[in-house]
Structures are given as C-alpha cells and as structure tokens.
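The following exercises concern the structure shown below. Each task is followed by a solution worked in steps.

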Amino acid sequence: MAYFSKAHAQLLEEDNVNLTHLITNIRRDRRFENVLMRIMARDDGVDFNLRSEIIGELATYGVIARGADGMCEIINPIYLYCILQAFKPIVNGLEDEYLHEDSREGFLDYLIPTGQIDMGALLDNFRDFIARAGFKILQVPDTPQESVGRHLLLAYLDQFVKSIGGFMHIEVQTGRGRMDVIITHNQQKYIVETKIWRGDSRYQAGKKQLAAYLRAEGVTGGYYIVFDHREKPEPRVEMETIDGLTIRSYVIPVMQEPPSKFPNTFETQ
C-alpha cells in the first residue's frame, strides 16, 4: 500500500495524454462544469439521457457513464479529482482568512507532538473560517453556488496537506452526492466525508454510510461535513459512536446571498 499510495500521488500530479484529453474535453463547453458538479453534489443524481446534447457529449468523451440506477456517474475517482482541480480557481481570494489571526505557526498548529493531525481542531477552524468569510464566499470566481463549500474545503485541506508534507486524494462511494476526502500523513489515515444538506433522514443515513466505510478502511474514527444551503440553516457539531466507531459531524451553513443593505432612514420614518 505504501508503494501504491506513492504511485497514486504521482499519477494525480503528473500530466499524461489521457488526463490532458480529459481536461481539454471538459473545457470545451462552459455548461459542462455545472452538469459535472450537479452529478457530484446531487443525492437524486442526473438522468443519463443520451438525447441531451451535454450528457451525450460528456459520454462520448469518456467522462461519464450510465450507473446501475440509470443516472450519470463520473468514470473513476482519478477523473473526479482532475475535474475538481481543473475547475478550482487558482486563487479564491480567501486564502489569507483560512487561519485565525491568533494562529502561532499557521497550519502547523494542527499537528500534535506525536506527529498526528488534530483533525477536530482543523475542521473546527474550517467551520469558523466559513463563518468569518460570510458573504465573501459568494465572490469566489467561476464556482457554482452549490459547490462553493466543497471547493473551499478541498482548497483549505490541500493547502494544509502541502504545509505538513502529507497527501490527499478523493474517493467517490456508493450513494449520490457523497464524496470522501482521504488524508494520509505519518502512516495515519484521516477520512472526511462531505455532502450537501438534503434533509435530516439523509443526514443521519450518511453517518451510517461513513461508519461502514471506516470499518472497511480499518479506521476507528471519521469526520462528516454537510453544507447547509437553506435560507434558515441549522448549524451543528456532534460527536457520536456508531457501531463502535467515532464520528464527528458538522452541519455548516453556506450563505446564499449578501446581507441586504440597511434601509434608507428617511424611508422608514
């Protein structure tokens, strides 16, 4: 597995004919980005309809295929990672706000003396960063609104991992809208599952999905982040034991529109 992880990391960073063609093809039409992000974000999926011009083209390019349920699926996790990298803004304008102003050593604050990552504190800071950024997350360039939370989480974790010399990759598990971010550092594995809020029943079901995945990966604990785009979100942080595994869950509100301007004083009098 150590050799596989090294090869996997090299593959994700290198350029080759296959991946170059992938990126060239998904950039042919600006509409492709919205469709691909919807495929990744939606629990109910996107119908694999070859009579749709966009779906047909993406299938022809070998980017998506029909899943067992008749919905669109991105061919493999390496393609997914490359798609996210291709559409990720080079600069999102919020990098300077990732860390609290009281930070002493930057991202190194989230390494404990044993060399392990304090994932709870790292993700607490991400939640606080989203709150600090407020409506500015709506100004992240060229990012579909429904995907902005995930884009920012991936950019945040990517910068952290590079700072500590770790490695991050993405897996797509069974279940619509589910994405797992896997960080490895000092022979330790940390798993963060992300979803978009689709109701409490799906939120609870996601915890059980994560628990099953953690068991399969031989990991005793994991992290679950759900981005809440509702007008009246309900932020949560929960620590639970599910089937003997520890899961720390976050529901993080994502602002939908800039705050309204103060009403004109003369108009209100």
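**Exercise 1. Determine whether the end-to-end span of helix H7 agrees with the span expected at 1.5 Å a residue, and whether H7 is enclosed or not.**

Solution. The model is a predicted one.
- Step 1: H7 has 17 residues, and at 1.5 Å a residue these should span 24 Å.
- Step 2: The end C-alpha atoms of H7 are 25 Å apart, which agrees with that expectation.
- Step 3: Of the 17 residues, 14 are buried, so H7 is largely enclosed by the rest of the structure.
- Step 4: H7 is followed by Gly165, which has a positive phi near 80 degrees.

**Exercise 2. Apply the span test to helix H6 and state what covers its buried residues.**

Solution.
- Step 1: H6 comprises residues 119-133, that is, 15 residues. From first C-alpha to last it reaches 21 Å, close to the 21 Å expected.
- Step 2: The buried residues of H6 include Met119, Leu122, Leu123, Phe126, Phe129 and Ile130, but also Asp124 and Asn125.
- Step 3: Among the elements that cover these buried residues are H7 and the strands E4, E5, E6 and E8.
- Step 4: Just after H6, Gly134 adopts a positive phi of about 55 degrees.

**Exercise 3. Identify the residues with the most contacts inside the largest nonpolar core, and the helix that gives this core its largest share.**

Solution.
- Step 1: The largest nonpolar core contains 67 residues, and Leu36 and Ile64 have the most contacts inside it.
- Step 2: Helix H7 (residues 148-164) supplies the largest share of this core, ten residues.
- Step 3: A second core, separate from this one, has 15 residues, including Trp197, Tyr213, Leu214 and Leu245.
- Step 4: Residues up to four places away in sequence being left out, Ile64 touches Leu36, Ile39, Phe48, Ile55 and Leu58, among others. Glu73 is also one of the residues that Ile64 touches.
- Step 5: As a general remark, nonpolar side chains tend to be buried together in soluble globular proteins.

**Exercise 4. Classify the packing of helices H2 and H5 from the angle between their axes.**

Solution.
- Step 1: The axes of H2 (residues 17-26) and H5 (residues 77-87) come within 10 Å and cross at roughly 50 degrees.
- Step 2: Angles under 35 degrees count as roughly parallel and those from 65 to 115 as roughly perpendicular. H2 and H5 are therefore oblique to each other.
- Step 3: Their crossing is right-handed.
- Step 4: H2 contributes Asn18, Leu19, Leu22, Ile23 and Ile26 to the contact, and H5 contributes Ile78, Tyr79, Cys82, Ile83, Ala86 and Phe87.

**Exercise 5. Decide whether Arg248 is buried or exposed, and list residues in contact with it.**

Solution.
- Step 1: Arg248 belongs to strand E8.
- Step 2: The cut-off for a buried residue is under 20% relative accessible area; at 16%, Arg248 is buried.
- Step 3: Beyond neighbours within four places in sequence, the contacts of Arg248 include Gly120, Asp124, Tyr223, Tyr224 and Glu238.

**Exercise 6. State where Gln187 and Asp243 lie, and whether they are buried or exposed.**

Solution.
- Step 1: Gln187 is not a glycine, yet it has a positive phi of about 65 degrees. Gln187 lies in the loop between E4 and E5.
- Step 2: With a relative accessibility of 84%, Gln187 counts as exposed.
- Step 3: Asp243, likewise not a glycine, has a positive phi of about 55 degrees. Asp243 is placed in the loop between E7 and E8.
- Step 4: Asp243 counts as exposed at 53% relative accessibility.

Definitions and conventions: Residues are numbered from 1 along each chain as its sequence is written. This is a predicted model: local features need pLDDT of at least 70, side-chain atom pairs count only at pLDDT 80 or more; totals for chains, interfaces and linings use all residues. Side-chain values use heavy atoms; hydrogens and water are left out. A nonpolar core is a set of buried Ala, Val, Leu, Ile, Met, Phe, Trp, Tyr and Cys residues joined through side-chain atoms within 4.5 Å. Buried means under 20% relative accessible area, exposed over 50%, partly exposed in between (1.4 Å probe, protein chains only). Helices (H or I, at least four residues) and strands (E, at least two) are DSSP runs, numbered from the N terminus. Contact means heavy atoms within 4.5 Å. The expected span of a helix is 1.5 Å times one less than its number of residues. Axes are lines fitted to C-alpha atoms, for helices over the stretch in contact, and angles run from 0 to 180 degrees between N-to-C directions. Angles under 35 degrees count as roughly parallel, over 145 as roughly antiparallel, 65 to 115 as roughly perpendicular and the rest as oblique. A crossing is left-handed if the near helix is turned anticlockwise from the far one by less than a right angle, and right-handed if clockwise.
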